[in-house]
Amino acid sequence: MTKIPLLFLPGLLCDDRLWRDQAIALSDIADPQIADLTLDDSVEAMARRALARAPANFALVALSMGGYVAFEILRQASDRVSHLALFDTSAAPDDAERIAQRRAAISSLSIGRFSGVTSRLLPKLVHASQISSPVGDELKAMAARVGSAAFLRQQQAILGRPDSRPLLPRIQLPTLVAVGDSDVLTPPEEAMEIHLGITGSDYHVFHDCGHLPALEKPGETTAVLRRWLTQTT
């Protein structure tokens with residue numbers, strides 16, 4: 001059987017650990033690759049770097065910031081993408097409150113403070129049931145590996161991203177839109193906006209789940225991705 005080339009895009013302060021379980025579990029039907037989104041300070045550059053290392057054609061899976069990069073990949077090379085899966089992301093630009101929060105995070109680095117993912121931040125990232133689980137430790141370790149310089153680049157890239165809502169009606173790929181029901185960073189209504197904007201897309205809600213289904217619900221995430229890949233190939 002020919003395996004499906006599969007490109008995963010991580011989120012802010014995440015590395016390849018985010019998608020590791022899915023990459024391993026889907027390796028019987030897919031040839032996975034996890035992009036490094038820590039090296040550039042614009043979504044355009046992140047997309048160019050990912051495309052330069054990706055196969056000629058591939059299925060694309062993205063979470064949160066990775067979703068912003070996925071939209072940019074479609075702007076740059078939509079003919080190379082065979083399938084699209086968007087987890088816990090938004091097509092809209094930040095509102096004024098989120099812009100202020102990101103700028104405050106950037107400013108804090110100028111005085112030498114990089115706290116990464118703290119116990120205080122965990123409730124915004126994962127469901128309450130996961131805060132004291134190994135998932136919390138995984139998140140803290142990922143953020144420490146990514147580090148302050150990459151965090152700064154990623155925040156600058158997110159602040160500079162374009163509005164992707166006008167792109168949605170032009171997406172004509174087998175598309176999955178998924179979100180945790182308790183996601184407070186990119187809540188279900190933002191996922192629903194994407195789903196309604198992409199004709200024929202599928203919509204999946206992870207129950208008792210926050211912003212990071214790939215870690216919080218790894219088995220269910222894998223099952224959803226397997227169904228998405230096999231039903232449309």
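This is a short dialogue on reading backbone phi angles and cysteines in a predicted model.

Biologist: Before we start, what should I know about the numbering and the cut-offs?

Modeller: Residues count from 1 along each chain as its sequence is written, and side-chain values use heavy atoms, with hydrogens and water left out. It's a predicted model, so local features need pLDDT of at least 70 and side-chain atom pairs count only at pLDDT 80 or more, while totals for chains, interfaces and linings use all residues.

Biologist: Okay, phi first. What is the phi of Leu13?

Modeller: In general, most residues other than glycine have a negative phi. Leu13 goes the other way, with a positive phi of about 60 degrees. You'll find Leu13 in the loop between strand 1 (4-9) and helix 1 (20-25); helices (H or I, at least four residues) and strands (E, at least two) are DSSP runs, numbered from the N terminus.

Biologist: Is Leu13 buried or exposed?

Modeller: Buried, at 7% relative accessible area. Buried means under 20%, exposed over 50%, partly exposed in between (1.4 Å probe, protein chains only).

Biologist: And where does Asp88 sit?

Modeller: Asp88 is in the loop between strand 4 (81-87) and helix 4 (96-110). Its phi is positive too, near 45 degrees, and Asp88 is buried at 0% relative accessible area.

Biologist: Now the cysteines. How many disulfides are there?

Modeller: A disulfide is a covalent bond between the sulfur atoms of two cysteines. Here the cut-off is a sulfur pair within 2.5 Å, and the whole structure has zero.

Biologist: Why is Cys14 unbonded?

Modeller: Because its closest cysteine sulfur, in Cys209, is 13 Å away, too far for a bond. Cys14 is buried at 6% relative accessibility, and Cys209 is buried at 0%.
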